[in-house]
Amino acid sequence: MKIAYLGPQASFTDLAVRKAFPDEHQVPCVTIPDCIEAVIEDEVDYAVVPLENALEGSVHITVDYLFHEADLSIVAELTSPIQQHLMVHPENSGGERRIEKIMSHSHALAQCHKFLHKAYRGTPLEQTTSTAAAAKYVSEHPGEKNAAIGNELAAKEYGLSISHENIHDFAYNHTRFIVLHKKSHPLAIEQNKSEDKTTLMVTLPKDRSGALHQVLSTFAWRQLNLSKIESRPLKTGLGDYFFLIDVAHGMDEVLLPGAISEMEALGCEVKMIGTYSSYMLDQ
Ligand SMILES: O=C(O)C(=O)C[C@]1(C(=O)O)C=C[C@@H](O)C=C1
């Protein structure tokens, strides 16, 4: 089985894949769309990409690709603790105050905003395609005196020295990764299972008062608990949105099909993104 992931080696996505799929063929991709397209083009069987971080929120490119570009299903969710460290090339360690630029994935930079503001105010920040891509760049360009933000494995993998440990701004820092596949089928993984979930993307009928209230009622009176609801632009005009809805319930024969039919009867478009189990990966 081939699994694409947001690489290069030692990204947080790689850590999640190593834990969940230790014996499978792992294929690093440069960007999240590259991972998704590798599944669409049948170059791999599954892709693992980040979906949401506890501090910084949704990874918009993943949500938007699932709605606008890709007809793929979420078949499992992997939740992983995230610890961010500042790392430099060993030739530059000891004098980190002279760091010229700090590089990382936009989500990682945002998770360390308070630390960067206090310790490195004014130092330019540069976004990279992943935390591991930043670590790799710093390792290959010792003359540039840059630092990267990433995990401990990236420091080891790319021969960097950690100058500040645990620089994420809040102690509870977790990221949800999703496993994507062409067919909808819950994938069982040998890890701690936490709950079953279903993800829907719902577009409301245009200009109808109370439509969102009615959508929420279809879940409420069936006692289906929602673990997330978020709006994203439909990209057709200002004020046009779709809603990403996570239901803390697997697909059944009565409740979820009933809620979906009721939303469709109200004039909503409902895109089923997946019904799957959520797994908690350890440190
Ligand atoms: O850059 C990485 O290492 C990733 O796997 C991406 C990503 C993200 O997109 O949120 C994953 C986990 C962390 O929250 C930071 C970055």
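Begin by selecting the shell around the ligand in this predicted model, which draws at least three residues from each of domain 1 (2-82 + 173-181) and domain 2 (85-164). Of the 15 residues in that shell, show S11, F12, P50, H107 and S130 as sticks, since these come nearest to the ligand. Then colour the elements that give two or more residues to the shell, namely α1 (12-20), β3 (46-53), α4 (106-111) and α6 (131-140). If you colour by class instead, the shell shows seven nonpolar and eight polar residues, and no charged ones.

Next, hide the ligand and select C35, A47, V48, V49 and L180, the residues that touch the most other members of the largest nonpolar core, which holds 50 residues. This core draws at least three residues from each of domain 1 (2-82 + 173-181) and domain 3 (192-277). Centre the view on C35, which, leaving aside residues up to four places away in sequence, touches A4, Y5, L6, C29, A47 and V49. Apart from this core lies another, of 25 residues, where you can select L109, Y120, A133 and I149 among others.

Finally, zoom out to the whole chain, in which there are nine helices and 15 strands, and whose C-alpha trace spans about 65 × 40 × 30 Å along its principal axes. The radius of gyration of the chain is 20 Å, which agrees with the value near 19 Å that a compact globule of 283 residues would have. Of these 283 residues, 40% count as buried, and among contacts between residues at least 6 apart in sequence, 74% join residues at least 24 apart.

Notes. Residues are numbered from 1 along each chain as its sequence is written. This is a predicted model: local features need pLDDT of at least 70, side-chain atom pairs count only at pLDDT 80 or more; totals for chains, interfaces and linings use all residues. A nonpolar core is a set of buried Ala, Val, Leu, Ile, Met, Phe, Trp, Tyr and Cys residues joined through C-beta atoms within 7 Å. A residue is buried if 20 or more other C-beta atoms lie within 10 Å of its own, exposed if 12 or fewer, and partly exposed in between; C-beta atoms are placed from the backbone. Domain bounds come from an automatic or database domain assignment. Two residues are in contact if their C-beta atoms, placed from the backbone, lie within 7 Å. A residue is near a molecule or strand if its C-beta atom, placed from the backbone, lies within 6 Å of it. Helices (H or I, at least four residues) and strands (E, at least two) are DSSP runs, numbered from the N terminus. Ala, Val, Leu, Ile, Met, Phe, Trp, Tyr, Cys and Pro count as nonpolar, Asp, Glu, Lys and Arg as charged, and the others, Gly among them, as polar. The radius of gyration is taken over C-alpha atoms; the globule rule is 2.2 Å times the number of residues to the power 0.38.
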